[in-house]
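Q: Could you take me through the ligand site in close detail, and then cover the backbone and side-chain oddities elsewhere in the chain?

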Amino acid sequence: MTDSQQGLAGVTAADTALSYIDGEAGRLFYRGYDIRALAGQGSFAESLYLLWYGELPSRTALTVFEGLLAAERKLLPDLESVLRHIPSSATPMSALLTAVSVLSQVDEDAAYNDLEADIGKAGRIVSMLPVCVAAHHRLRLGLDPVAPDPNLPLAADFLRMLTDSPPDKVAAEALDTTFLLYLEHGLNASTFACRVVASTLADLYAAVSAGLAALSGPLHGGANEQAMRMLDEIGSIDRVGEYLDRELAAKHKIMGFGHRVYRGEDPRASHLRRMAEELDGMHGDPGTYEISRAVETAMLERKGLCCNVDFYCASVYRSLGIPLDLFTPLFAIGRSGGWAAHVMEQHRDNRLIRPRARYTGKPERPYVRIDQRND
Ligand code: COA
């Protein structure tokens, strides 16, 4: 393996009809549709339908699909009971991993990988992750979970289940758009992890668990939370330069910047920047957007690096009043639809994913018995 291929950079490891990233032009397409059009005019449910069924839904098909998703949101007694007993030190991402295990244990179709079973499970997973995140958050605050309302769209219902108050329309629409923007992005680390697990013919729940684990790291989904922590630490525009100079001199990565595939602007970041500006100060003090802009300009000057999806999503989630450690679980909710679509693709045309490693260790040597080894 050459140095430039470390981390499988530039390696094509699967065929997919789900999304296409043009890293040079900074463009992203879901099944041929430009993400800018989908995010500007469509909804998360519509893009989910597009990924899972291959075409945009008619109005009737979308209504039926949204109804099916809503019917899958349930406060399951087994789930609530387990969430009540996990340690209070559990992070929301580790709680979500536990919750996905429970969901698999109560699903009669868990072990079946045919298309019908996979689609059914995909709907249950995407619908239930918001229920799990909201219920765990309330339980750790000593509050009872709020039961889902099937009459609301998924993002609006998540906000209601989190706060036990009617969701704000602007906030619900903004959250829905972030789910759409997070939905699918080729063979990113978590999606690749899902496909590797699915290629063993393990089921969708097992694959999604692997996806969640991969997403939790700060170089992947954890970056939105870390970007917000950085903005909080910087605190004001006049501290941006000093902060970045110190961190870059220490060779620390600046969270929310850089990308393996995009050479210029990440198109999702462009959309989120506009949203961050519009929503700034909706909850709490305004100003996160201005600091974010200053960090963005300074990173371009110092490193020539553009921000990625996670940078402005952090400001958006702050403006929506989302608790900091729920930022990455929200990424997981959106991306779970993409993970499911990839698992369905893998299960339909499967071959075990099993690459080779280049051996860099010692050459063959004789075994020395333990009583003949030096202490
Ligand atoms: N902050 C500072 N420098 C960065 C950087 C960042 N966020 N991202 C990349 N660089 C620099 C590296 O230090 C390296 O510089 P060098 O050649 O002088 O050593 C160069 O850019 C290449 O970086 P590398 O880590 O090899 O790129 P990659 O393709 O392996 O990594 C990421 C891509 C996304 C993992 C990386 O940009 C990163 O860690 N970003 C921060 C985490 C993040 O936002 N993740 C979410 C991604 S959507």
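A: Here is a walk through the ligand site, followed by a few residues picked out for their backbone or their contacts. Keep in mind that this is a predicted model.

Let's start with the ligand's surroundings. Its shell is made up of 17 residues, and the closest are Lys253, Ile254, Gly256, Phe257 and Arg260. By type, the shell splits into 8 nonpolar, 5 polar and 4 charged residues. As for where this is, the ligand takes up the space of the largest pocket.

Now for the polar contacts, which involve the protein backbone in each case listed here. Gly256 has a backbone N or O atom 2.8 Å from an oxygen atom of the ligand. Phe257 also puts a backbone N or O atom 2.8 Å from the ligand, but here the partner is a nitrogen atom. Then there is Leu219, where a polar backbone atom sits 3.0 Å from a ligand nitrogen. In terms of surface, the ligand on its own would expose 840 Å², and the protein buries 63% of that.

Staying with the backbone, there is Lys251 to look at. This residue belongs to the loop between α12 (240-249) and α13 (267-279). Its phi is positive, about 65°, even though Lys251 is not a glycine. That is worth a glance, because most residues other than glycine have a negative phi. Lys251 is also exposed, since its relative accessible area is 75% and the cut-off for that label is over 50%.

Leu8 does something similar at another place in the chain. Its phi is near 55°, again a positive value in a residue other than glycine. You'll find Leu8 in the segment before β1 (19-22). With a relative accessible area of 38%, Leu8 counts as partly exposed, because that label covers the range between 20% and 50%.

Last comes Arg73, picked out for its side chain. Arg73 lies in the loop between α3 (59-71) and α4 (77-85). Is Arg73 buried or exposed? It is buried: its relative accessible area is 6%, and the label applies under 20%. The side chain of Arg73 has backbone oxygens as partners. One of its polar atoms lies 2.7 Å from the backbone oxygen of Leu152, and the side chain also reaches the backbone oxygen of Asp149 at 3.2 Å. So when you look at Arg73, you have a buried charged residue with side-chain contacts to the backbone of Leu152 and Asp149.

Key
Residues numbered from 1 in each chain as written. Predicted model: local features only at pLDDT ≥ 70, side-chain atom pairs only at ≥ 80, totals over all residues. Heavy atoms only, no water. Near = heavy atom within 4 Å. Polar contact = N/O pair within 3.5 Å; in protein donor to acceptor, adjacent residues only side chain to side chain. Areas by Shrake-Rupley, 256 points an atom, 1.4 Å probe, with all protein chains shown as cover. 1 Å grid on protein atoms, 1.4 Å probe; cavity = no way out; pocket = protein on both sides within 12 Å on 5 of 7 lines; lining within 4 Å. Sits in = over half its atoms within 2 Å of the grid points. Helix = DSSP H or I, 4+ residues; strand = E, 2+ residues; numbered from the N terminus. Buried < 20%, exposed > 50% of the residue type's maximum accessible area, 1.4 Å probe, protein only.
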